[in-house]
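Colleague: I should be grateful for a close look at a single part of this model. Please take one strand and describe its setting in a connected account.

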Amino acid sequence: MNGNTFRLPARRCATAAAATVLAAGPVTLASAGSAHATADHGRASASVLRTGLDVSLLNKTVNVPLAVSLNEVQAPRSAEQTALTARLDGVNGGKPFSVLRADVAKAAATTSATKAEGTVTLAHARVHVPGLPLLSLIEVDQVTSRATCEAGKPPAATSNVLGAVTVLGKKVTLTPGGTTAVQVPGVGEVRLDLSHRETTSRTAAATALRLKVSVNPLKLNVAEVEGTLTLARTTCESPTPAEQPSAPSTPPAPDTKPQAAPAAKHDLAETGGSSLTPYLAGGSAVLLAAGGGAVAFARRRRGRG
């Protein structure tokens with residue numbers, strides 16, 4: 001009986017161990033965050049020269065636009081060309097005429113994940129307009145322009161006009177941030193803005209020279225030339241930083257603390273009985289009856305003997 005009762009704790013311990021495993025349970029791992037990264041490399045542009053001129057012919061009865069550019073590039077690109085010619089019907093007998101000639105005329109625009117930049121370098125340049133084949137509209141020694149937009153930094157724009165500047169044959173002194181007017185009787189007028197710069201939180205633009213032109217050359221059948229002309233123009237827009245991948249979620253640590261098992265019942269005396277008590281009692285009765293039968297049978301044999 002005691003042997004049977006002492007097997008109960010083992011069964012109880014096995015049940016408790018199973019309960020502990022179930023309590024730990026399956027652990028569900030959280031999936032790692034997405035790691036998509038996209039970046040905008042920004043934008044940049046540069047041009048050595050750009051014209052927006054209207055040329056009037058035949059006593060202003062015919063208007064011909066002169067819209068040309070030299071080394072006008074957008075990132076990622078660069079160009080180096082030192083001469084620009086144009087052809088207009090009714091001007092110079094329909095033959096090409098020179099608009100700009102220079103010893104150096106470079107434009108570059110670059111972009112990356114961290115910086116966008118446009119740069120222009122112009123040296124020993126001479127600009128002409130229709131009707132003035134021998135007289136330069138403007139001559140400059142050196143002109144530079146730069147617009148830089150770096151991610152996480154304020155955009156910057158710089159431009160410089162170095163050395164002598166000659167407008168319609170006259171040497172002039174330019175005022176930074178101001179307007180200089182040059183008038184030549186019988187030829188016309190040119191108004192110059194020096195080093196024009198603009199910046200915002202993400203963009204920058206720089207123009208070394210902006211000219212407003214109004215000339216009356218009265219030659220080569222040209223009555224009037226009006227409009228604007230820009231030298232060394234650069235722009236940029238800051239790159240957009242790449243989206244950072246989200247950090248992976250840390251899975252919860254499994255609960256490995258064993259669960260308390262119910263107290264084992266060691267014997268009938270301590271518990272006052274258990275669910276096996278009826279079976280034990282029945283077995284005892286059977287054994288007792290069998291023992292009584294064996295004693296009676298032994299006594300009969302002795303009596304016969």
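**Strand 1 and its surroundings**

Modeller: Ser56 is found in strand 1, and this residue offers a convenient point of entry. Please bear in mind throughout that the model is predicted.

Ser56 has a relative accessible area of 9%. Because the limit for a buried residue is under 20%, Ser56 counts as buried. Its side chain is joined to that of Asn63 by a polar contact of 2.9 Å. Ser56 can also be set against a residue remote in sequence: Asn216 is 160 residues away along the chain, yet the two C-alpha atoms are 9.6 Å apart in space.

The burial of Ser56 may be placed beside that of the strand to which it belongs. Strand 1 covers residues 43-57, and 11 of its 15 residues are buried, so the strand is largely enclosed by the rest of the structure.

The pairing of strand 1 may now be described partner by partner. With strand 2, residues 62-66, strand 1 runs antiparallel, and 5 bridges join the two. Within this pairing, Val55 has Val64 as its bridge partner. Strand 3, residues 69-70, also pairs with strand 1 in the antiparallel sense, over 2 bridges; here Ser69 stands opposite Arg50. Strand 4, residues 73-74, is a further antiparallel partner, again with 2 bridges, and in that pairing Gln74 of strand 4 stands opposite Ser45.

Another partner comes from much later in the numbering. Strand 15, residues 222-237, runs antiparallel to strand 1 and is joined to it by 14 bridges. Arg50 appears here once more, since it stands opposite Thr230 in strand 15. Arg50 is thus placed opposite Ser69 in strand 3 and opposite Thr230 in strand 15. As a general point, side chains in a regular strand alternate between the two faces of the sheet.

Thr230 leads onward to another strand. Thr207, which lies in strand 14, residues 203-215, is in contact with Thr230, and also with Leu231, Ala232 and Arg233. Beyond neighbours within four places in sequence, the contacts of Thr207 further include Ser145, Ser159, Ser195 and His196. With Arg233, a polar contact of 2.9 Å links the two side chains. Thr207 is buried, its relative accessibility being 1%.

To draw this together, strand 1 is joined by 14 bridges to strand 15, and Thr230, the residue opposite Arg50 in strand 15, is among the contacts of Thr207.

Terms used: Residues numbered from 1 in each chain as written. Predicted model: local features only at pLDDT ≥ 70, side-chain atom pairs only at ≥ 80, totals over all residues. Heavy atoms only, no water. Buried < 20%, exposed > 50% of the residue type's maximum accessible area, 1.4 Å probe, protein only. Helix = DSSP H or I, 4+ residues; strand = E, 2+ residues; numbered from the N terminus. Polar contact = N/O pair within 3.5 Å; in protein donor to acceptor, adjacent residues only side chain to side chain. Contact = heavy atoms within 4.5 Å.
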